[in-house]
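Subject: Structure for you to look at

Hi,

Here is the structure I wanted to pass on to you. Have a look at it first, and then read my notes below.

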Amino acid sequence: MIKINPSLKTWRIYFFILVATQAYAQQTPQQRLGQFFTWVSKTEQVPEENDCFEMDGYDISKIDDKCLQKYLANIQKTGFFSSIYMKNLKAEFTTMKATLKKEGMAQSREADRYLLSQDPPTMVQLLYALKTSSTSKIEANKAKVTVNIKKPYKQILIYNFDLEENIWKISSIESPQ
């Protein structure tokens, strides 16, 4: 009779799950983020949400619902964003509409939605930072990639991912600053 150390057995199961999850994904989260940075840098491909708003300075005075629905559909078609991200984005726009209806104005974003900056880095700077000064952590079907951008200024971006349909998809974008 062979006795298996329970901690060794648990380790083997954990290792199998970790390897199976990573093998299941078509790309690593960092590779996916590299594709995302390339997409974001091609401004002609990225739908502009501000086209759906009439602005009064930095405030939103009117929202074009058809335009907003088209924007959401185009963002979803890219395949970069998880169902959680899309749900939160729709909730953000619903809140914006409610504020507009109640107060007559709603606050707009003052920075790029995907790079959290008014003066975002270039694709070259993003890809360089991703390659040289980023870290990633994968736990089951969730991942986090932290990118330390040092030029043109210091900025930390944190991209959280969910594994959906064998693809790592962005579930949130944050910056600790």
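**What I found**

Sorted by class, the residues that line the largest pocket are 10 nonpolar, five polar and five charged. Here nonpolar covers Ala, Val, Leu, Ile, Met, Phe, Trp, Tyr, Cys and Pro, charged covers Asp, Glu, Lys and Arg, and polar is the rest, Gly among them. This is a predicted model, so local features need pLDDT of at least 70 and side-chain atom pairs pLDDT 80 or more, while totals for chains, interfaces and linings use all residues. Residues are numbered from 1 along each chain as its sequence is written, and side-chain values use heavy atoms, without hydrogens or water.

Back to that pocket: it holds about 440 Å³ of space. Of its 20 lining residues, V46, E48, D112, R113 and Y114 are the closest to the centre. A pocket here is an open set of points on a 1 Å grid over the protein atoms alone, where a 1.4 Å probe fits and there is protein on both sides within 12 Å along at least five of seven lines; lining residues have an atom within 4 Å of a point. Points are joined across faces, edges and corners, and the volume is the space filled by probe spheres set on them.

The second largest pocket comes to about 170 Å³. Its lining is Y85, N88, L89, E92, R109, R113, L116, S171, S172 and I173, which splits into four nonpolar, three polar and three charged residues. Helix α4 (83-103) and strand β7 (167-174) each bring at least two of these, and α4 gives the most, with four.

**Overall fold**

The protein has five helices and seven strands, in the order α-α-β-β-α-α-β-α-β-β-β-β along the sequence. Both kinds of element are DSSP runs numbered from the N terminus: H or I over at least four residues for helices, E over at least two for strands. Of the 177 residues, 35% are buried, where buried means under 20% relative accessible area, exposed over 50%, and partly exposed in between (1.4 Å probe, protein chains only). Among contacts (heavy atoms within 4.5 Å) with a separation of 6 or more, 56% link residues 24 or more positions apart.

**The small sheet**

β1, β2 and β3 make an open three-stranded sheet in that order, with antiparallel pairing. Pairing takes at least two DSSP bridges between two strands. β1 and β3 are the edge strands, each pairing on one side only. Four bridges hold β1 (residues 53-56) to β2: E54 has K62 as its bridge partner, and F53 stands opposite I63. The two strands form a hairpin with two residues between them, and G57 in the turn has a positive phi of about 70 degrees. On the other side, β2 meets β3 (residues 106-107) over two bridges, with I60 partnered by A106.

**The core**

Which residues touch the most other members of the largest nonpolar core? They are F36, F81, Y114 and Y159, out of 39 residues in the core. Such a core is a set of buried Ala, Val, Leu, Ile, Met, Phe, Trp, Tyr and Cys residues joined through side-chain atoms within 4.5 Å. α4 gives the most to this core, with six residues. Leaving out residues up to four places away in sequence, F81 touches F36, W39, I75, M86, Y114, K169 and I170.

L33, in helix α2, is worth a click too. L33 is buried, with a relative accessible area of 0%. Beyond its neighbours within four places, L33 contacts L130, V145, V147, Y159 and F161. Its C-alpha is 8.5 Å from that of I170, although the two are 137 residues apart along the chain.

**Two backbone oddities**

L116 lies in the loop between β3 and α5 and has a positive phi, near 50 degrees, without being a glycine. L116 is partly exposed, at 25% relative accessible area. A140, in the loop between β4 (134-139) and β5, also is not a glycine but has a positive phi of about 55 degrees. A140 is partly exposed as well, at 42%.

Cheers
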